[in-house]
Amino acid sequence: MRINVLPGLAVAALLLTGCGSTQQLDSAGQRVTFTDKQPASSCQLLGNVTGSQSNWLSGSGGEGSSLRGAANDLRNRAAEMGGNVIYGATSPTQNIWSSFAPLDSKMSGQVYKCP
């Protein structure tokens with residue numbers, strides 16, 4: 001009996017490739033900006049949001065790359081909420097364990113809709 005494993009390996013390779021890619025910034029997310037200054041009173045607070053980048057199987061592609069993916073996800077999510085400004089973005093995920101295991105990177109901030 002001959003077992004054909006090639007199709008199974010191809011599917012597994014495609015699935016694993018998807019786990020290691022960086023979050024892409026969509027067209028709506030490109031219009032969302034970060035700020036470290038409190039938005040004007042004319043801006044409406046929409047809520048808090050967290051973006052993440054899975055680092056499992058991508059290994060240590062560099063802290064900058066994983067944080068960029070988390071920032072892209074954060075901007076995309078803010079756009080989905082109707083926001084165009086993210087205030088006070090922080091990344092609480094960098095800790096001692098990050099040096100030993102490729103944990104998810106996260107970035108959080110407050111989403112505002114400004115005129």
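Below are legends for close-up views of a predicted model.

**View A. The D73–R77 salt bridge in helix α2.** Here the side chains of D73 and R77 meet, with 2.9 Å from N to O. Both residues sit in helix α2, 4 residues apart, so about one turn of the helix separates them. The two ends of the pair have different surroundings: D73 counts as buried because its relative accessibility is 8%, under the 20% cut-off. R77, at 36%, counts as partly exposed because that value falls between 20% and 50%. If you're tallying salt bridges, the count comes to 1. Side chains of opposite charge can pair when their charged atoms come close.

**View B. R75, a buried arginine with no salt bridge.** R75 is also found in helix α2, which covers residues 63–81. How far away is the nearest side chain of opposite charge? That side chain is D26, and it is 8.3 Å from R75. A salt bridge needs a nitrogen-to-oxygen distance within 4 Å, so R75 and D26 don't make one. What does R75 touch, then, once its neighbours within four places in sequence are set aside? The contacts are L25, G29, Q30, V32, F34 and I86.

**View C. N76 and the backbone of Q24.** Next along helix α2 comes N76. Is N76 buried or exposed? N76 counts as buried, because its relative accessibility is 8% and the cut-off is 20%. A polar atom of the N76 side chain lies 2.8 Å from the backbone oxygen of Q24. Skipping residues up to four places away in sequence, N76 is in touch with Q24, L25, D26 and G29. Two of these names, L25 and G29, also turn up in the contact list of R75.

**View D. Strand β4 and its partners β2 and β3.** Strand β4 takes in residues 105–113 and runs antiparallel to strand β2, residues 44–53. How many bridges join β2 to β4? There are 9, and one of the pairings to look for is V49 with G109 in β4. Strand β3, residues 85–90, is antiparallel to β4 too, with 4 bridges joining them. In that pairing, I86 has V111 of β4 as its bridge partner. I86 also links this view back to View B, since R75 of helix α2 is in contact with it. For anyone tracing side chains here, in a regular strand they alternate between the two faces of the sheet.

Key. Residues numbered from 1 in each chain as written. Predicted model: local features only at pLDDT ≥ 70, side-chain atom pairs only at ≥ 80, totals over all residues. Heavy atoms only, no water. Helix = DSSP H or I, 4+ residues; strand = E, 2+ residues; numbered from the N terminus. Buried < 20%, exposed > 50% of the residue type's maximum accessible area, 1.4 Å probe, protein only. Lys, Arg positive; Asp, Glu negative; His and termini not counted. Contact = heavy atoms within 4.5 Å. Polar contact = N/O pair within 3.5 Å; in protein donor to acceptor, adjacent residues only side chain to side chain. Pairing = 2+ DSSP bridges.
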